[in-house]
Amino acid sequence: MRSSIPLPPLLPLLRLVPALALVLLPLAAQAQQPKTSPVDLRLLSFNPGGGRQEVFLHDPAAQEAGDGVRGEVKSYLNHEALALNLVGRTAVLTTKAARASLNEAGAKIAKVALPADLRRGVLVLFPNTAGAEFACRALVIDDSPGAFPTGSLKIMNLSPLPVRLVLEKDTFDFKVGETKVIKDPPVRENNHTAMKAFCFQDNEWKRVASSLWPHPGSVRVFQFLFENPQTGKIELRGFRDVASVLSTAPAPGAADAAPAPGAADAAPAPPP
């Protein structure tokens with residue numbers, strides 16, 4: 001027995017095929033494109049007085065062979081950051097825009113793995129050992145407001161020894177490689193903090209630095225404890241930071257931040 005259900009005319013349905021193709025093809029192409037994640041990075045040279053260096057940041061995981069994103073490595077911190085959209089979480093800095101520089105000897109500056117949840121950070125470059133594949137070693141620091149609030153100190157122990165920081169009457173101990181954020185550090189009447197730094201060596205605490213630090217106020221301050229490779233001594237080096245990074249370009253009229261107290265002049269050791 002034949003079906004009594006009427007079939008729709010075929011010609012009108014065929015006319016819909018081109019229209020459906022116009023809708024579905026872009027969706028299919030979009031689905032094939034790799035997902036990217038945004039991250040803002042500021043580039044900082046640990047060596048004071050190093051001047052500005054032009055670099056290009058590449059995403060090795062990107063499928064398109066495009067040029068790297070141009071940036072500048074500075075010896076101070078301001079509002080300027082690189083706005084990136086990365087396919088992978090590994091970034092490579094080279095001296096040239098061309099992607100071919102990823103495999104060019106002498107052009108590779110640094111390679112760094114970025115944490116999966118990082119959305120804003122400071123990339124600190126340290127001199128590498130002679131003959132290494134990359135000219136620098138890189139340390140990425142989360143400087144988002146939650147990880148580094150206004151009015152605080154971010155202390156990083158990059159030395160090979162345990163260290164102790166005494167701010168007025170408060171004591172802060174750091175294991176090797178440990179980082180702590182000190183919010184609203186204690187001050188005396190002149191709004192300064194008496195600071196003493198020690199390292200644990202030869203089974204005793206030895207003083208490595210003492211100073212008066214002004215309260216960070218409306219900005220933030222990085223402080224690094226590191227071993228000077230020329231003298232073998234533990235030293236402090238500081239960088240005064242802006243309160244926030246609001247855009248990928250310097251804020252209109254914004255002045256560059258001044259060096260923080262505790263800055264040292266000798267060449268640093270690479271991070272552990």
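Start with the whole chain on screen: of the contacts between residues at least 6 apart in sequence, 64% join residues at least 24 apart, where contact means heavy atoms within 4.5 Å. What you are looking at is a predicted model, in which local features need pLDDT of at least 70, side-chain atom pairs count only at pLDDT 80 or more, and totals for chains, interfaces and linings use all residues. Residues are numbered from 1 along each chain as its sequence is written, and side-chain values use heavy atoms, with hydrogens and water left out.

Switch to a cartoon view. You'll find one helix and 16 strands; these are DSSP runs numbered from the N terminus, with at least four residues of H or I for a helix and at least two of E for a strand. Of the 272 residues, 40% are buried. Buried means under 20% relative accessible area, exposed means over 50%, and partly exposed is in between, using a 1.4 Å probe and protein chains only.

**Stop 1: an open sheet**

Select β4, β1, β7 and β8, in that order: these four strands make an open sheet with mixed pairing. At the edges are β4 (82–86) and β8 (136–142), each pairing on one side only. From one strand to the next, the twist averages 35 degrees; the axes are lines fitted to C-alpha atoms, for helices over the stretch in contact, and angles run from 0 to 180 degrees between N-to-C directions. Strands of a sheet pair through backbone hydrogen bonds, either parallel or antiparallel.

Now zoom in on β1 (residues 37–45) and β7 (residues 120–127), which run parallel and share six bridges. Two strands count as paired if DSSP finds at least two bridges between them. Click Ser45 and you'll see Leu125 of β7 opposite.

**Stop 2: Phe46 and its rings**

Next, select Phe46, which counts as buried because its relative accessibility is 0%. Which residues share an aromatic cluster with Phe46? They are Phe126, Phe148, Phe222, Phe224, Phe226 and Phe239.

The structure holds eight aromatic pairs. Rings of Phe, Tyr and Trp (its six-membered ring) pair if their centres lie within 6.5 Å; planes under 30 degrees apart are stacked, over 60 edge-to-face, and the rest tilted. Show Phe46 with Phe126: their ring centres are 4.8 Å apart and the planes meet at 35 degrees, so this pair is tilted. Phe46 is in the loop between β1 and β2 (53–58) and Phe126 is in β7, so the pair ties together parts 80 residues apart in sequence.

Add Phe226, and you get an edge-to-face pair with Phe46, at 5.1 Å centre to centre and 85 degrees between the planes. That one links the β1–β2 loop to strand β15 (residues 220–227), 180 residues apart. Phe226 is buried, with a relative accessible area of 1%.

Show Arg237 too: its charged end sits over the ring of Phe46, 4.6 Å from the centre. A charge sits over a ring if NZ of Lys or CZ of Arg is within 6 Å of the ring centre and within 35 degrees of the ring normal.

**Stop 3: Thr94**

Move to Thr94, in strand β5 (residues 90–94). Is Thr94 buried or exposed? It counts as buried, because its relative accessibility is 0%. A polar atom of the Thr94 side chain lies 2.8 Å from the backbone oxygen of Lys96. The Thr94 side chain also makes a polar contact with the side chain of Ser101 (2.9 Å). A polar contact is a pair of N or O atoms within 3.5 Å; within protein, one must be able to donate a hydrogen and the other to accept it, and residues adjacent in sequence count only if both atoms are side-chain atoms.

Beyond four places in sequence, Thr94 has contacts including Val55, Phe56, His58 and Lys108. Finish at Lys108, whose charged end sits over the ring of Phe134, 5.5 Å from its centre.
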